Amino acid sequence: MSKVAERTVKNLDRAFNPRSVAVVGDKQALGYMWLRSLSSFKGNVYSVQIDPHELPGIAELGVENYRGLLGIPGPVDYVIAAVPRAVAPRIVEDCIKKGVGGVGFFTSGFAETNTEEGIRLQQEITDLASKAGLNLIGPNCVGLYNPRIGLRHTVAQAYGEEGSVGFIAQSGTHATLFSIVGHHHGIKISKSVSYGNAVVLDSTDFLDYMGADEETEVIGMYIEGVKDGKRFFDCLREVASRKPVLIWKGGETEAGARATASHTGALAESSVVWQAVIRQCGAIKVDNLDEMVDIIKALLYIKPATGTRVGLIAMSGGQSVVITDVFAKAGMEVPLLTESSYERLATFFSIIGGSYRNPFDISSAFLMVEDPVSNLTNMLDIMDKDPNIDSVVLELFPVIRPLTQDHETAEPILDTISVFNERSQKPLIIIVTAAYSDALAAETRDKLVKRGIPSFSNFERAAKTLRKLADYHQSRREQSWN
Amino acid sequence: MPSKIISAALKDKSPVLTEIESKQLMSEAGIPVIESRLAKSKSQAVSMSKETGFPVVLKIVSPDIIHKSDSGGVKLGLGNATQVGKAYTEIVAAAKRTNPKARIHGVSVQQMAKPGVEVIMGMSKDAQFGPVLMFGLGGVFVEVLKDVAFRIVPLVRRDASQMIREIKGYPLLEGYRGQEPANITVLEDLLLKLSDFVDKTPEIKELDLNPILAYSDGAVAVDARVILESQA
């Protein structure tokens with residue numbers, strides 16, 4: 001790491017883990033969104049506001065207000081600036097004088113508006129911050145999120161827990177949505193950043209930081225473009241050799257106007273070059289938020305598979321046909337079990353209308369037979385011991401009310417799944433299909449998340465995730481030789 | 001230090017190298033090519049063909065004609081002196097007809113290579129990531145199906161190995177229906193040489209080796225196209 005990079009990381013660390021935060025320009029019109037979001041913050045929160053009309057609202061929130069950053073006693077580690085754009089250069093100057101760890105500019109209206117005034121102001125804050133070595137994040141972004149210490153950018157975000165996933169997004173919407181949707185699926189964030197116009201700090205700086213951050217074990221990125229492709233490439237290759245990095249590239253269909261005279265030039269569109277970059281660096285390409293969430297939760301919670309042979313358990317005849325198609329199309333094998341497994345199954349499998357080759361069709365009558373828990377325990381155990389199977393896939397069909405509402409039936413079934421998940425060396429993939437009710441499916445998903453077991457909302461998402469994980473582990477093995 | 005071919009072309013302000021110049025440049029980079037010689041007249045084309053040995057291939061040589069076969073500028077498999085003479089006349093006439101303003105240096109004469117699996121390798125520059133290499137199967141696979149793979153320069157052997165195996169048509173390289181398989185290690189070596197060469201030669205803007213004929217014991221480029229960066 002270069003000396004410059006070291007210094008950046010050190011200062012960034014102060015901004016990502018602040019002990020004091022100042023919000024400049026929060027106001028009634030914004031619903032005091034910044035100060036309210038910081039109600040969870042563990043350290044000192046200050047407000048900087050000169051408009052007398054705003055002062056009572058700020059006082060009501062119990063936050064101390066100052067007329068300027070420089071008036072705040074003691075150090076300020078992170079500043080959130082929500083000021084009118086014309087004031088931005090003065091705030092940057094104050095941040096420099098105050099010696100803050102970093103400033104996130106929520107303020108927009110800069111170069112993205114393509115107006116003369118916006119471009120001029122953006123250049124002004126860029127020059128000021130670059131010259132002084134100030135960690136300016138944005139503008140036009142929601143900045144930093146650190147749930148462990150309650151540093152948030154919306155009250156909808158969780159806080160108080162430690163996490164291991166770093167998220168880096170150009171877009172504030174994607175940063176916010178990932179943190180909220182991910183949380184439903186048991187993804188806990190260590191740090192996240194939205195970096196907007198990236199005038200001083202770019203995706204590469206944050207990737208470098210999260211790569212070095214000990215709390216962060218997996219990194220997700222939403223990128224529209226990078227400032228210095230070569231630097232990004234080198235950084236990504238280095239970080240991805242140590243931690244999984246997932247990349248969701250926005251703007252893939254942009255039509256680049258390129259004058260080319262060769263076949264190669266005509267075919268080298270930005271999207272295929274990005275695909276090459278991701279592959280070459282050993283990162284994982286995802287195409288949307290759902291895929292980002294699915295693969296990250298699988299990396300966090302699902303044991304790495306030793307092969308591509310799956311044992312499938314579905315809850316009806318029709319589903320067992322379709323689940324086989326879906327996993328086979330994703331390149332997974334659905335082999336027969338060993339004879340001894342079938343002999344064991346024959347001793348207890350008495351579900352009318354069910355069958356037990358592979359997939360097992362246990363039919364929704366499953367929960368009405370005499371001893372569903374012991375049947376499920378036995379089926380999972382057979383899959384666990386069978387040498388023909390690498391991963392176990394179980395469909396849960398929450399139309400079965402007992403799974404959510406009848407506590408006496410649901411808990412032992414979920415316990416059975418938990419016990420298997422803890423004991424078995426084989427990956428377990430749960431699919432909670434929402435056939436009749438999204439609400440029931442979500443309830444079941446939440447119950448599983450509480451037990452540290454992720455679930456997928458349909459066969460396709462589960463199969464695609466398993467495929468991508470298998471490809472990733474394969475590429476990790478290839479990456480180790482040159 | 002840039003090759004003499006590059007310095008000369010830059011001095012002449014002609015960023016599009018001819019096939020002959022392109023092949024000389026590739027040869028300097030250690031990439032096997034079928035040698036092309038420039039014939040400035042019909043009789044020269046005939047005598048060069050006899051020296052090379054039949055069958056031969058004739059192609060138009062003009063810095064202004066990039067897509068040679070589209071302009072009737074390529075004749076393959078010419079088996080004797082009469083065919084060569086006729087081809088020479090036809091190629092020059094077609095070039096003058098389709099590109100009246102084109103500067104015509106003459107016609108290139110080269111040996112007709114034995115058949116093999118056609119592959120394409122190329123380089124272009126990405127605005128963000130700099131030089132990228134492309135690999136694919138030649139002909140319809142690259143032109144219609146766009147079955148190609150890219151990597152950022154410089155490549156390591158793993159990159160070369162992965163990009164060759166990444167294309168959908170890879171099984172064709174392993175020998176399809178009794179066809180001679182391509183030697184994958186040789187293709188990897190070529191990609192690595194090309195990567196090394198373009199990495200050291202920033203004057204090159206775009207490059208196509210199309211096609212390269214791949215055999216079980218080697219590979220050879222039968223056409224090459226190099227375009228230099230225009231000097232400011």
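This is a short chat about a predicted model with two chains, A and B.

Q: What should I know before I start on this predicted model?
A: Residues are numbered from 1 along each chain as its sequence is written, while chains are lettered from A and ligands numbered from 1 in the order in which they are written. The model is predicted: local features need pLDDT of at least 70, side-chain atom pairs count only at pLDDT 80 or more, and totals for chains, interfaces and linings use all residues.

Q: How many helices and strands are in chain B?
A: Chain B has 8 helices and 10 strands. Helices (H or I, at least four residues) and strands (E, at least two) are DSSP runs, numbered from the N terminus.

Q: Why does chain B count as compact?
A: Its radius of gyration is 18 Å, close to the 17 Å from the globule rule for 232 residues, so chain B is as compact as a globular protein of that length. The radius is taken over C-alpha atoms, and the rule is 2.2 Å times the number of residues to the power 0.38.

Q: What box do the C-alpha atoms of chain B fill?
A: Roughly 50 × 50 × 30 Å, along the principal axes.

Q: How much of chain B is buried?
A: Buried residues make up 45% of its 232 residues. A residue is buried if 20 or more other C-beta atoms lie within 10 Å of its own, exposed if 12 or fewer, and partly exposed in between; C-beta atoms are placed from the backbone.

Q: And what domains does chain B have?
A: Domain 1 (35-111) and domain 2 (117-228). Such bounds come from an automatic or database domain assignment. The centres of the two domains of chain B, taken over C-alpha atoms, are 26 Å apart.

Q: Switching to where the chains touch. How many residues does each chain bring to the contact?
A: Chain B brings 29 residues and chain A brings 20 residues. Two residues are in contact if their C-beta atoms, placed from the backbone, lie within 7 Å.

Q: Which element of chain B gives the largest share of that side?
A: Strand 5 of chain B, with 5 residues. Several elements of chain B each supply at least two residues, including strand 6 (130-137), helix 6 (157-166) and strand 8 (204-215).

Q: How do the residues on that side of chain B divide by class?
A: Into 14 nonpolar, 6 polar and 9 charged. Ala, Val, Leu, Ile, Met, Phe, Trp, Tyr, Cys and Pro count as nonpolar, Asp, Glu, Lys and Arg as charged, and the others, Gly among them, as polar.

Q: On to chain A. How many helices and strands there?
A: Chain A has 17 helices and 18 strands. Its C-alpha atoms fill a box of roughly 80 × 65 × 35 Å along the principal axes. Of its 482 residues, 48% count as buried.

Q: What domains does chain A have?
A: Domain 1 (3-298) and domain 2 (304-478). Their centres are 39 Å apart, taken over C-alpha atoms. In chain A, 10 residues of domain 1 are in contact with 11 residues of domain 2. Helix 11 (residues 289-301) of chain A gives the most to the domain 1 side, with 5 residues.

Q: Which strands of chain A form the open sheet?
A: An open sheet of 6 strands has the order 3-2-1-4-5-6, with parallel pairing. Strand 3 (64-66) and strand 6 (136-137) of chain A stand at the edges with a single partner strand each, so one side of each has no neighbour in the sheet. Strands pair if DSSP finds at least two bridges between them. Strand 1 (residues 20-24) and strand 4 (residues 78-81) of chain A are joined by 4 bridges, and A:Val23 has A:Ile80 as its bridge partner.

Q: What about strand 11 of chain A, covered or not?
A: Mostly covered: 4 of its 5 residues are buried. Strand 10 (residues 218-223) of chain A runs parallel to strand 11 of chain A, over 5 bridges. There, A:Met221 stands opposite A:Ile247. From strand 10 of chain A, the chain passes through helix 8 (residues 229-240) to strand 11 in a right-handed β-α-β crossover. Right-handed means that, with the strands pointing away from the viewer, the path from the first strand over the helix to the second runs clockwise.

Q: Which way do the residues of strand 17 of chain A point?
A: A:Leu428, A:Ile430 and A:Val432 point one way, A:Ile429 and A:Ile431 the other, and all are buried. In a regular strand the side chains alternate between the two faces of the sheet.

Q: Which strands pair with strand 17 of chain A?
A: Strand 16 (residues 391-396) of chain A pairs with strand 17 in the parallel sense over 5 bridges. Strand 18 (residues 455-456) of chain A also runs parallel to strand 17, with 2 bridges.
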